[in-house]
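Student: I should like a close look at how one helix of this protein is placed and packed, and at what lies around it. Please explain each term as it arises.

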Amino acid sequence: MKIERVVSPGGIEAWLVESHANPLIAMRFAFRGGASQDDAGKEGLAYFISAMMDEGAGDLDAVAFQEREQGLAMRMDFDASRDVMLGNVQTLTANQDAVFDLVRLALSKPRFDKDAVERVRAQILAGLKFDENDPETVASLAWDKLAFPSHPYGRPVKGTTASIASISPDDLRSYSDRVFARDKLVISVVGDIDATSLGRALDHIFGALPAKAVLAPVADANPPLGPSQQIIEMDVPQSVAQFGHRGIARKDDDFIPAYVLNYIIGGGGFSSRLMEEVREKRGLAYSVHSNLFPFQHGAVFVGNVATKNEAVGQSLAVIEDELRRLAEQGPTAEELESAKSYLTGAYALRFESSSSIANQLLWIQIEDLGIDYVNHRNELIEAVSLEDIKRVAKRLFEADRLITTIVGKPVATKTQAAPG
């Protein structure tokens, strides 16, 4: 796979994988900022905008815009994460000019008509109402508040009923004016288009955007270490628990060993230690897993388990024991080799389609890993030694300092102190 850096006549850069096997083009792009740029009291602003991007632009109201989308057989959707606003466009080669023009309108001339805003607001509020009764979502939101106190990461990306109700068309317009700018833009394109044509398209789609974003500074977060535990009562037959603590940043030299380590402890499905100890040996839960989240301003290690109310305490005790054992002893040589074999072998599955390739290239840019990362990523995994992973296990896992949130009616869970 040849990745080409394309710079448009107007100076807009994109990574291109040119392929003429199918008459399709996949484009992914992102504006740095995301939900961390939501105004105070306007939590969910970026998420609101992500749902408004096909609700009319230029001379087209929402109905006309969406009819145009359908007529072009295109796909365009947006999503807001903590650090970036993401855009996804897929088109047939024959329709590219009209599709790219519609994307240009959406980005540079959004309408934010009152009727469309109210319709989308109602949809978001309905979703928030559903989330209030979802134990996993409630546990996750509560955990974020404990892990990121007084920081944008502690706010709900989707907002609250109060904050969504307060957002006006002017708020939406202000956010798009501040964040949708060329200096905070990264783009990846895969498919039936050459570099010259892409360069022209980049200027057409993004050239009318402001040159520079006006972003509020976001401080680096340093999640407090527990032990701390918050129980939120909900009348459900089983409890959901989220546990974790500070993690390791993506650009840290220890991230790759930590990534392999997470596969061993809880990221490897049925081959992980937590699944073996919690589900297979003791039958305490159907599923237990963990992840590393290296956000731009603060990395965390987070795990989840769902189990019957009377087994919550035992499940969490088993999890803590495994984290403690792995920190003290490290994994075995067999576990390390198995993890490396899977992680290197499965990497190719992330590049099965044009859209998945574009997504991978986009995140490599967002995380500033370099255009040659795809070529040496597996070498980084293979280079992890048993000594490396044992050292990083001691650094990463602090079983006695977990932040834990539990939603349900748990029985016999130990009470822990507030974060310190």
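Tutor: The account below begins with one helix and then turns to helix packing and the nonpolar cores. The model is predicted, so local features need pLDDT of at least 70 and side-chain atom pairs count only at pLDDT 80 or more, while totals for chains, interfaces and linings use all residues. Residues are numbered from 1 along each chain as its sequence is written, and side-chain values use heavy atoms, with hydrogens and water left out.

Helices (H or I, at least four residues) and strands (E, at least two) are DSSP runs, numbered from the N terminus. Helix α5 covers residues 135-147, which is 13 residues. From first C-alpha to last, α5 reaches 18 Å, close to the 18 Å expected at 1.5 Å a residue; the expected span is 1.5 Å times one less than the number of residues.

Which residues of α5 are buried? They are Pro135, Val138, Ala139, Ala142, Trp143, Asp144 and Ala147, where buried means under 20% relative accessible area, exposed over 50%, and partly exposed in between (1.4 Å probe, protein chains only). An α-helix has 3.6 residues a turn, so residues three or four places apart point the same way. The cover over the buried residues of α5 includes α4 (114-131), β7 (228-233), β8 (238-246), β10 (298-308) and β11 (403-408).

Helix α4 also packs against helix α1 (residues 45-52): their axes come within 10 Å and cross at roughly 120°. Axes are lines fitted to C-alpha atoms, for helices over the stretch in contact, and angles run from 0 to 180 degrees between N-to-C directions. Contact means heavy atoms within 4.5 Å. On the α1 side, Tyr47, Phe48, Ala51 and Met52 meet Ala116, Val117, Val120, Arg121 and Ile124 of α4. By class, this contact has 8 nonpolar, no polar and 1 charged residues; Ala, Val, Leu, Ile, Met, Phe, Trp, Tyr, Cys and Pro count as nonpolar, Asp, Glu, Lys and Arg as charged, and the others, Gly among them, as polar.

A nonpolar core is a set of buried Ala, Val, Leu, Ile, Met, Phe, Trp, Tyr and Cys residues joined through side-chain atoms within 4.5 Å. In the largest one, of 55 residues, Val260, Ile319, Leu361 and Phe397 touch the most other members. Helix α9 (residues 255-267) gives the largest share of this core, 8 residues. A second, separate core of 53 residues includes Phe48, a residue of α1 that takes part in the meeting with α4.
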